[in-house]
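Visitor: I am new here and would like to know how the labels on a model are earned. Could you show me around?

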Amino acid sequence: MPPRFDFTIHATDGKARLGTIAMRRGEIRTPAFMPVGTAATVKAVKPADVRAAGADILLGNTYHLMLRPGAERVHRLGGLHRFMGWDRPILTDSGGYQVMSLSDLTTRDEQGVSFKSHLDGSRHMLSPERSMEIQRLLGSDIVMAFDELVPTTSTRDVQARAMERSMRWARRSRDAFDAGVEHASGAALFGIQQGALDAQLRGASAEALREIGFDGYAVGGLAVGEGQEAMFGVLDYAPGQLPEDRPRYLMGVGKPDDIVGAVERGIDMFDCVLPTRSGRTGQAFTRAGPINIRNARFAEEQGPLDPECPCPVCAQWSRAYLHHLVRAGEILGAMLMTEHNLWFYQTLMADLRAAIGEGRLKDFADGFRARYCRTSESG
């Protein structure tokens with residue numbers, strides 16, 4: 001029988017780790033990037049094409065799915081995997097970030113967060129217990145604990161209170177998870193470290209999470225506008241505060257150079273809307289830096305988006321054709337640009353895994369940054 005959850009570290013290179021997460025629906029190679037399927041779909045791409053790009057796991061969004069089509073409905077229809085046609089692992093976030101960033105008339109207290117739906121104005125309450133219930137109904141493989149996020153610009157007192165409440169909610173999430181049927185169905189539970197940019201607060205958060213005990217641990221509260229330098233400053237110490245034998249997940253990151261730097265600092269898992277959102281707006285990622293395919297300079301360029309890219313888009317279509325599709329507002333343009341970006345991200349993760357396994361991560365990372373982090377567009 002496949003394991004419920006097992007994490008094996010095969011090799012290390014500095015702080016970076018090469019590993020495998022084994023679960024009932026398949027293995028997840030780490031470092032891993034999870035494409036975001038907010039509303040039971042990775043926008044503009046079929047599940048088979050997401051898998052073909054190299055993704056082992058997707059992310060689903062508790063907040064959006066609870067509002068539409070509803071967790072109970074998804075459960076009646078056979079669960080999220082069957083509903084969207086994806087038979088490999090799915091991680092669902094807790095919904096807390098979206099509740100606090102998208103909703104009007106939000107009220108927070110010790111019980112949870114009361115909010116007004118951005119869709120129809122209906123009122124809802126999301127608590128640790130309800131978040132666990134929704135994620136169970138969806139059939140999530142990796143369930144995230146419910147937490148409270150505050151801006152990194154908040155006062156230290158506000159940050160400390162939010163971190164302490166998040167740790168109380170983490171305990172309630174653990175208790176509600178254990179009281180449900182998740183273990184019987186093979187799901188895992190991840191805790192989320194909070195503490196903004198404060199090493200002491202993050203240390204206290206990590207200690208509380210260790211005491212509760214989780215299958216994996218996320219570094220939360222970053223990629224919210226603090227900038228790469230500040231984020232890397234936290235990642236210089238935060239992963240080391242978490243258990244070494246468990247996966248470390250950096251939530252909501254990010255740009256390709258963010259990912260490379262975070263892998264160097266010991267992060268194993270990532271998610272971000274950037275490759276799909278950028279694809280839909282005409283931005284393509286290449287090894288020589290991102291390009292805006294809408295620019296007039298690409299109107300007659302017959303080469304691929306990235307000459308080194310192995311994706312089906314680069315094998316068949318030119319920059320000129322993609323420029324035409326995007327400028328004309330054709331749906332195919334968004335589809336092809338998104339597919340290319342997903343391949344770029346998954347190829348980057350495969351390259352990182354190979355570099356760690358072969359003990360050459362520093363050379364790879366330095367070479368990647370030298371080409372990618374340019375001020376002008378790729379030619």
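Guide: Here is a short talk about two helices and a cavity. This is a predicted model, where local features need pLDDT of at least 70, side-chain atom pairs count only at pLDDT 80 or more, and totals for chains, interfaces and linings use all residues. Residues are numbered from 1 along each chain as its sequence is written, and side-chain values use heavy atoms, leaving out hydrogens and water.

Visitor: Why are α10 and α12 called roughly parallel to each other?

Guide: The axes of α10 (residues 228-235) and α12 (residues 256-264) cross at roughly 20 degrees and come within 10 Å. Angles under 35 degrees count as roughly parallel, so α10 and α12 are roughly parallel to each other. The angle, on a scale from 0 to 180 degrees, is taken between N-to-C directions of lines fitted to C-alpha atoms over the stretch in contact.

Visitor: Which residues of α10 and α12 meet?

Guide: From α10 come Gln228, Met231, Phe232 and Leu235, which meet Asp257, Asp258, Gly261 and Ala262 of α12; contact means heavy atoms within 4.5 Å. This contact divides into 4 nonpolar, 2 polar and 2 charged residues.

Visitor: What makes Gly261 polar and Ala262 nonpolar in that count?

Guide: The classes count Ala as nonpolar and put Gly among the polar residues.

Visitor: How much space lies in the largest cavity?

Guide: About 60 Å³. A cavity is a set of points on a 1 Å grid where a 1.4 Å probe fits but cannot get out, and lining residues have an atom within 4 Å of a point. The lining of the largest cavity includes Glu148, Leu149 and Gly221.

Notes:
Helices (H or I, at least four residues) and strands (E, at least two) are DSSP runs, numbered from the N terminus. Angles under 35 degrees count as roughly parallel, over 145 as roughly antiparallel, 65 to 115 as roughly perpendicular and the rest as oblique. On a 1 Å grid over the protein atoms alone, a cavity is a set of points where a 1.4 Å probe fits but cannot get out, and a pocket is an open set with protein on both sides within 12 Å along at least five of seven lines; lining residues have an atom within 4 Å of a point. Grid points are joined across faces, edges and corners, and a volume is the space filled by probe spheres set on the points.
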